Structure formats: structure tokens, C-alpha cells
Amino acid sequence: SDLSVFRIKYGFLLHGYDDSSVEEYPNIHEYRIAQNIFKDLYSTYAVESNEYEITNLAMRIGSVRIRNASDVISEETEAFMIRLLQEIKKQFGLDFLGDIELRINLCMHIVLLVKRARNNMLSSNNLIENIKQSLTLPYDIAKVTAYLIEKEYSVTLNDDEVGYIAIYYSMAMNHMKTTRDQKRVLIITSSRKSEALLLRHNFINYFGNKITSLDIVQKNELPGLNENDYDCVFSTAYSGLVDTVKFNAIHINYFLSEKDISVINKELNRKGDIPSLTSYFSEGLFYVLDTVESKEELIRFMCDRMNEAYHYDQKYHIDFYQNIMNRENNATTVFTNGVALPHPEVPFSDKTEACVVILKNPVEWSDQKVNVIFLMNIKVDGEREMESLYEFLSEFISNKKMINELLDKPEFSTL
């Protein structure tokens, strides 16, 4: 698949099967087919391979052969996928149910993954630390996905396999973000239809990948339009027209100048009203502690401080601490470089807030030592804020210099 070629070209080669498992792969016919495919890939894309990649492809060929016998992904696998993505939507507010490509790819991946897990052929992933750092949100989603796979199929997955699942979500989120950020554009003009066609051509030529719809109307057509149906409105007519002002139209020239192109790009690249990162953090919820006995004690401390500030338990009638621990017990939120990002299993509040703790002495957290903890409470339907926050945290986690500066000078101003 395109994803596999992309993965291998950028160094994500599979490693880690037991050598005897590779040597004893039962179907030599499938194995030879896989060898020939990689020979062709090498000649076309200069894609390298190893025995693990060949065996993995041979198993995929075997699973495809089985699927072709029934001609579809099994109803059981599809039903599990729907439940899985519904749970992801519930926990993260991200709706992947309509992404057919992701659903098919994940179904196929899970069929093969479960087969490998049951045959003690789980992969290792040399870039798992990079994935944790650069794909922080997709990795967090993949952790929940892995937990649900383990529960459904009674298998045990390793962290490296979680990293491969994260790549699927990363690609789906990039597609979702591209589509979501495209704008509905209205252009008000007094030009003739032939001139409007040229204007349409130029807009599509310059900005086609940023536009989901483009309407060009005469000024006398404005009364029948709703300004809320458009994200960006431009006008080629100097007006003083009431309707043009009503639509908050930005003036551009009919023949687009470099300045016009710059103005249009700026408007099309404008994001929604996302609060700045500073609004998520407050000095009153920034703590420096010498030591704690356990992550449970630490999470309890942070939940108590946030409850004192925002009264979650009373306002929303929930057990904030237990909500956090439900997620932590199902899929740990420790990442890498001594950073953990605990958060509720399910969003419940109407505002995104965070509490930060710096530990002078690290605490044991799922076989890692953690010094920096961001406890995050993402609001309901706050996927844009969540993505913004995770982008910041991803940059922070991957930057050891930033982490060390915060540990050396544990003050709110350093953050």
C-alpha cells in the first residue's frame, strides 16, 4: 500500500520477529510472491526490505486470499471497527466514522496484527520514540485503540505496534484537517459573466486546494443569500453597498495583484477562534514538588487542585479523579523524555484547562521515570483546542532543551 511504501522509505522498517518464526513461515508460495513484490518495489521506488518485511507481506497476502474468499472484511471485524471508532469519538471528540479509507486500512491492519500477535510475531519499531514525540495525539488515540484490540481479541500488543497504529491516525487527521480548513468562498462582482468565469479560473488556479466551494454572484443576487453560509467573502466592486458591508466583504481587484493574492491567502489561512495557549495554563495551577510516592498520589493531588479551582465534581456531578484513572488504567498516558499527559477518559467540561506539576525527584510511571506532568481537561467538542494543545505538547516533548530548561528553572514564566 502507499502507507507501507511511505513507511519504509522514511525508515520505518519492521524488526523484531523471532528468527525461527521468520524461517518457519508455513506458506512458501506466499513468501515467494512477497519476495518478487519487493524486487519490483526496489526497482521502481528504491524501497529496501528485510526478512521481517517479506514475512509481514506474505502474511498480508495470505489474509487477502482469505478475505477474497468471502470478498469482504468480515462482519465481526467491521462491527468491531465501528465500536472502536465510536469510542474514539467519545473520548477524543474526533469523528473518523466517515473516513472509509481509514476504516478499511485499520480493519486490514487489525486482521494481520491479531494473526501476528497470536503467532508471537509482534514487530519492533526503531522509531517509536520519534512517533511518541512527533505524533503525540495520534499516539494517544492509538493507545486506546490497542487497549480495545487487546480486550476484543484477547491478545497482548507491545508499544512498538501502537506506534504503527498511530501512523494510520496521523494520516487520517492530516486529511481531516485539510478538509476542515478549506473555506466556503463568496465573491461579489459587478462584472459580466464571461469576466466572472475568468475570476473563477484564477481563484481555483491560485487557491483551489484551500476552497471547498466558490460562488460568484452579482450584487443584485445578495438579498437571497445568507452570510453564515460562507467563511470568506470578497468583492471586486468598490461599493459603499449596504449588502457588501453586511457580508464583511474584503475588496480585491478583478485582475489579482500580488497584494490581492497575499490578502486572499491570509484570509483563507485564517483559523477559527482558537484561544491562545496561555489561556489553558495559569500560574495558580503550576506546582513544583520535591517528591511523591506514586503516580496515583500525584494525580490525586492535581485533581484536588483543579477541583478547588473549577469545582468539577460539584458542577458536573462526576468523580474527576476516577475519570482520569479510568483512562490511565486502560491505556497509560506517559510519553517519553520524562513527560506524562494524564487526562479524563471522556470530555465533560465547557472549558479547556490544565494543571502542571514539576517533580524535582521523578516518579515511577509505567516503567518510566517522570518529572513533568500536564494534567489536561479538554472541553466537550473541543477538538480544535485539543489539536492546538497537543501540537504544543508534541513540540515540548520532542525538545529536550525545553524540558531541561523547565527542570533547571521550574517557574511558570519558563513554561
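This passage describes the secondary structure, sheets, cores and aromatic contacts of a predicted model.

The chain comprises 415 residues, of which 48% count as buried, and its secondary structure consists of 17 helices and eight strands. Among the contacts with a sequence separation of 6 or more, 74% are made by residues 24 or more positions apart. The accessible surface amounts to about 21,100 Å², and carbon and sulfur atoms contribute 49% of that area.

Two open sheets were examined, each of four strands. In one of them the strands follow the order 2-1-3-4 with parallel pairing, and its edges are formed by strand 2 (211-218) and strand 4 (250-251), each of which pairs on one side only. Within this sheet, strand 1 (residues 183-189) and strand 3 (residues 232-235) run parallel and are joined by four bridges; Leu 186 has Val 233 of strand 3 as its bridge partner. The other sheet has the order 5-7-8-6 and mixed pairing, with strand 5 (286-289) and strand 6 at its edges, each again pairing on one side only. Strand 5 and strand 7 run parallel and are connected by four bridges, and the bridge partner of Tyr 287 in strand 7 is Val 357.

The largest nonpolar core contains 62 residues, and the members that touch the most other members are Leu 84, Phe 96, Ile 141, Ile 149, Tyr 169, Leu 341 and Phe 374. When residues up to four places away in sequence are not counted, Phe 374 touches Phe 281, Val 339, Ala 340, Leu 341, Pro 342, Cys 355, Val 356, Leu 393, Phe 396 and Leu 415. A second, separate core of 25 residues includes Leu 285, Leu 298, Val 357 and Leu 375. Val 357, listed in this second core, is also the residue of strand 7 that serves as bridge partner to Tyr 287. In soluble globular proteins, nonpolar side chains tend to be buried together.

Helix 15 (residues 320-330) has as its buried residues Phe 320, Tyr 321, Asn 323, Ile 324, Met 325, Arg 327 and Glu 328. These buried residues pack against helix 5 (75-92), helix 8 (136-153), helix 13 (295-310) and helix 14, as well as against strand 7 and strand 8 (368-377). Of the buried residues in helix 15, Tyr 321 is overlain on its ring face by Arg 300, at 3.8 Å from the ring centre, while Phe 320 belongs to an aromatic cluster together with Tyr 310, Tyr 312, Tyr 316 and Phe 348.

Across the whole structure, 19 aromatic pairs were found. The pair of Tyr 316 and Phe 348 is edge-to-face, with 5.3 Å from centre to centre and 70° between the planes. Because Tyr 316 lies in helix 14 (residues 312-316) and Phe 348 in the loop between strand 6 (339-340) and strand 7 (353-365), this pair ties together parts that are 32 residues apart in sequence. Phe 348 counts as buried, since its relative accessibility is 14% and the cut-off for burial is under 20%.

Finally, Ser 294 is placed in the loop between strand 5 and helix 13. With a relative accessible area of 23%, Ser 294 is partly exposed. Although 68 residues separate Ser 294 from Pro 362 in sequence, their C-alpha atoms are 9.8 Å apart in space.

Note on methods. Residues are numbered from 1 along each chain as its sequence is written. This is a predicted model: local features need pLDDT of at least 70, side-chain atom pairs count only at pLDDT 80 or more; totals for chains, interfaces and linings use all residues. Side-chain values use heavy atoms; hydrogens and water are left out. Buried means under 20% relative accessible area, exposed over 50%, partly exposed in between (1.4 Å probe, protein chains only). Contact means heavy atoms within 4.5 Å. Accessible areas come from the Shrake-Rupley method with a 1.4 Å probe; for residues, only the protein chains shown count as cover. Rings of Phe, Tyr and Trp (its six-membered ring) pair if their centres lie within 6.5 Å; planes under 30 degrees apart count as stacked, over 60 as edge-to-face and the rest as tilted. A charge sits over a ring if NZ of Lys or CZ of Arg is within 6 Å of the ring centre and within 35 degrees of the ring normal. A nonpolar core is a set of buried Ala, Val, Leu, Ile, Met, Phe, Trp, Tyr and Cys residues joined through side-chain atoms within 4.5 Å. Two strands pair if DSSP finds at least two bridges between them.
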